[in-house]
Amino acid sequence: MRNSKILATLAVLSACAAANADVSSTWTLASDYDYRGITQTAHDFAAQGSIDFSTSSGWYIGAWGSNLDWGETDVDLEIDVYTGFSGTTKSGIGWDAGLLHYTYPDDSDFNFLEVYGSVSYEWFKAKLSYSTDFGGDSTPGDTPAYYLEGFGTFPLPASFSILTHVGYSGGDYWDDADSEYFDYSIGVGYSRGPFSFALKWIDGSDLEVFDGTPGNVLSSEARLVFTMATTFPWRNE
């Protein structure tokens, strides 16, 4: 039922995107929802969609949603809203800074706000995200956390590419759980027309905090993840 609602919402978003050149909508189907090395759907299918509005000044605002499977919890849906500014310097260095609010309509205790910033140049991108209340009211006390990550995208012939990523999660939230950890992925991307595909191997530290407790399926086990995505409106190239 949740997946059907998300797909119906995506259809509406894509129609809006087609009607407005400043609006885009991206649909993604994934074999698993990977969040910083941790599955959010118990290694199962995810349907995800976004709608984004941008201006020539670099300001943008958008929303993104996905189904979830957190085991025995009643949380089955995530909707994130975000806004920020991005641009590129004359020397070709890209930058982006903004705010991201994670919301969980089934249980608002998990809601929290994160600030982020990134820089990129040619094939490389680095990003830092920080929250003063990671996990929201679902975790007692002050729970600041940060995530530092790097991306590498290396073009290959025939519309293929090598995709790499490494990330590190730290801060009091993870210290309290004795589980600061890193994650990484490596894979292959392919583009054909308006569609993009990726197959990635994802692995990293074993998390004691997600150690198989009954009902807790936020696993960091190594796995292959396949994604297929397209963005509307489709443009003739």
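**Exercise 1. Find which residues form the negative surface patch, then place Asp175.**

Step 1. Look for Asp142, Asp172, Asp175, Asp176 and Glu180: together they form a negative surface patch. Patch members have over 30% relative accessible area and no salt bridge, and like charges are joined within 9 Å. A salt bridge would be a side-chain nitrogen of Lys or Arg within 4 Å of a carboxyl oxygen of Asp or Glu. Asp and Glu count as negative, and the charge sits at CG of Asp or CD of Glu. Accessible areas come from the Shrake-Rupley method with a 1.4 Å probe.

A word on the model: it's predicted, local features need pLDDT of at least 70, side-chain atom pairs count only at pLDDT 80 or more, and totals for chains, interfaces and linings use all residues. Residues are numbered from 1 along each chain as its sequence is written, and side-chain values use heavy atoms, leaving out hydrogens and water.

Step 2. Now zoom in on Asp175, which lies in helix α2, residues 172-176. (Helices are DSSP runs of H or I, at least four residues; strands are runs of E, at least two.)

Step 3. Why is Asp175 called partly exposed? Because its relative accessibility is 39%, and the class runs between buried (under 20%) and exposed (over 50%).

**Exercise 2. Describe the surroundings of Phe226.**

Step 1. Phe226 belongs to strand β14, residues 223-232.

Step 2. Leave aside neighbours within four places in sequence, and Phe226 touches Leu29, Ala30, Ser31, Phe197, Ala198 and Leu199. Contact means heavy atoms within 4.5 Å.

Step 3. Check Tyr33 too: Phe226 and Tyr33 are 193 residues apart in sequence, but 9.9 Å apart C-alpha to C-alpha.

Notes:
Patches are made of residues with over 30% relative accessible area and no salt bridge: like charges are joined within 9 Å, nonpolar side chains (Val, Leu, Ile, Met, Phe, Trp, Tyr) within 5 Å. Buried means under 20% relative accessible area, exposed over 50%, partly exposed in between (1.4 Å probe, protein chains only).
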